[in-house]
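Subject: Structure handover

Hello,

Here is the structure for your work. My notes on it follow below.

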Amino acid sequence: MTNKSEIKVTFGNRGYVAPVIVGTEGEHAVDIRKLRAETGFITYDEGYGNTGSCESAITFIDGEKGILRYRGYPIEELAERSNFIESSYLVIYGELPTPRELEEFRNRILLNAGIHEALRTMVAGFPMTAHPMAGLSAMLNALGCYYPELSSNNRKQDLENFDRTTTVLISKVRALAAMGYRYRNGLPVTYPKRGYSYCENFLHMMFSYPGEDSQIHPDVAKALDTLLLLHIDHEQNCSTSTVRMVGSGGANLFASVSAGVCALWGPMHGGANQAVIEMLTEISESGDDGTKFVERAKAGEVRLMGFGHRVYKNYDPRAKILHAQCMKIFDAIGVEDPLLKIAHRLEDIALNDAYFKSRNLYPNVDFYSGIILRALGIPVNMFPVIFAMGRMPGWIAQWKEMAERPGGRIYRPRQVYVGERERRFVPLMERVAAPSANA
Ligand code: ACO
């Protein structure tokens, strides 16, 4: 390192002076954008654990200390004093809204809840057994077809219409999630009611029966609201990077978030909340109290789902808040879940075990979110859908930041090729099968 603002690296007889970028929280990054042009070398970073793909002013995480802030505000304070819609506004527009801005934002979300009748027939075209995440991704992309003026793939036009697209997406992701559930359960589609909060309306749209008033427990709506708030953004995770990657090619917001849903679905990412419940159920049904499962995880046979994180090497602050929320909701609605006992036991064993301690494996956001969602009556295969609803404002904010960046380039990593060197084409009749390994 030559000084605080640049780093000199030598490649054979060629030197490269890399400027150092320093973030507002003092994080240092080596700028290697001209490395290949000047030296012929690229960097190799499978899984991007050391790669900063962008500068971002949205979310700050200090994984060593267990800190998470949206636009500078600590997550603990937002969870305590804000709500999902207000924090969504903050994440998207950078500042907390004034009362008038918040009212207007809420109204636009409420007014955009309607779903085109043709989209309803599309939902009915899915097999009843289809996973809700497959349906959600397809429906979000299809939704763009009903708003050609908002999904033009003309960057200037898509940005001019950004405010409208934002409220269409935040409103309709909720409507599509609820509509899929109603369809799978043979129930008619329900529309939101004026006067209900975002989460009260979601519960109403999911669970109300025709002709009956909805019975929405305020603690249930509050628990869901906090859960969504905690999921709004988490810097350059797998699905958010996907949204920025798809958008960097010029794709509109509908297409970009639809891809985000697919990226989120996997069990190592947003599908982990579903995987946690499946794991706890398996442990419970096998008569294990968690001890045997932890041994299998240490032997590398299984992973302890809901544990570990690429960035957090400390307790995930969202998991702490959700755990407290989890205890509160069980008290409030007076239910007991045997899986909670197993979760506590697993956490105890893992936090005191050398394998987990040495690898800094702590519960992440998904460890308790599934137990809360189960208590709220959400079916297990919809857990990642709830995650997607929560993450939607974050994806939108990240897409906007990417799209507005002057001179922003298409995301296009390089690779180290390890395949065959150049070879001659062999005509079909001259090809002989390669000897098999067991021959
Ligand atoms: N259970 C047991 N061992 C684990 C776990 C786990 N959940 N997670 C990591 N490890 C071990 C690995 O086997 C590895 O051990 P080794 O050094 O002996 O090879 C070490 O810890 C480091 O693990 P990596 O896989 O290199 O960590 P990475 O940062 O790539 O993965 C991830 C992070 C995907 C979250 C991982 O911890 C995991 O699979 N966790 C379970 C799934 C999960 O809960 N995902 C949700 C994450 S939060 C979110 O996306 C919203």
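Start with Lys65: at 61% relative accessibility, Lys65 counts as exposed (over 50% is exposed, under 20% buried, in between partly exposed; 1.4 Å probe, protein chains only). Lys65 forms a salt bridge with Asp62, with the closest N and O atoms 3.9 Å apart. Here a salt bridge is a side-chain nitrogen of Lys or Arg within 4 Å of a carboxyl oxygen of Asp or Glu. Asp62 is buried, at 17%.

This is a predicted model: local features need pLDDT of at least 70, side-chain atom pairs count only at pLDDT 80 or more, and totals for chains, interfaces and linings use all residues. Residues are numbered from 1 along each chain as its sequence is written, and side-chain values use heavy atoms, with hydrogens and water left out.

**Other salt bridges**

The count comes to 19 salt bridges. Arg405 and Glu55 form one of them, at 3.7 Å from N to O. That pair links distant parts of the chain, 350 residues apart: Arg405 sits in the segment after H19, and Glu55 in the loop between helix H1 (35-39) and strand E4 (59-62). Helices (H or I, at least four residues) and strands (E, at least two) are DSSP runs, numbered from the N terminus. Arg405 is partly exposed at 37%, and Glu55 is partly exposed at 47%.

Glu301 and Arg296 pair at 3.2 Å. Glu282 joins these two in a network of salt bridges.

**Helix H19**

H19 covers residues 383-404. Its 22 residues should span 32 Å at 1.5 Å a residue (1.5 Å times one less than the number of residues), and its end C-alpha atoms are 32 Å apart, which agrees. H19 bends by about 45 degrees at Arg391, and Pro393 follows within four residues. The bend is the angle between axes fitted to the seven residues ending there and the seven starting there. In H19, 21 of the 22 residues are buried.

**Cavities**

There are two cavities of 30 Å³ or more. A cavity is a set of points on a 1 Å grid over the protein atoms alone where a 1.4 Å probe fits but cannot get out; lining residues have an atom within 4 Å of a point. Points are joined across faces, edges and corners, and volume is the space filled by probe spheres set on them.

The largest holds about 160 Å³. Its lining has 15 residues; closest to the centre are Pro132, Gly135, Leu136, Gly180 and Arg184. H8 (162-184) gives the most to this lining, five residues.

The second largest is about 50 Å³. H8 gives the most there too, with four residues.

Best wishes

How values were computed: On a 1 Å grid over the protein atoms alone, a cavity is a set of points where a 1.4 Å probe fits but cannot get out, and a pocket is an open set with protein on both sides within 12 Å along at least five of seven lines; lining residues have an atom within 4 Å of a point.
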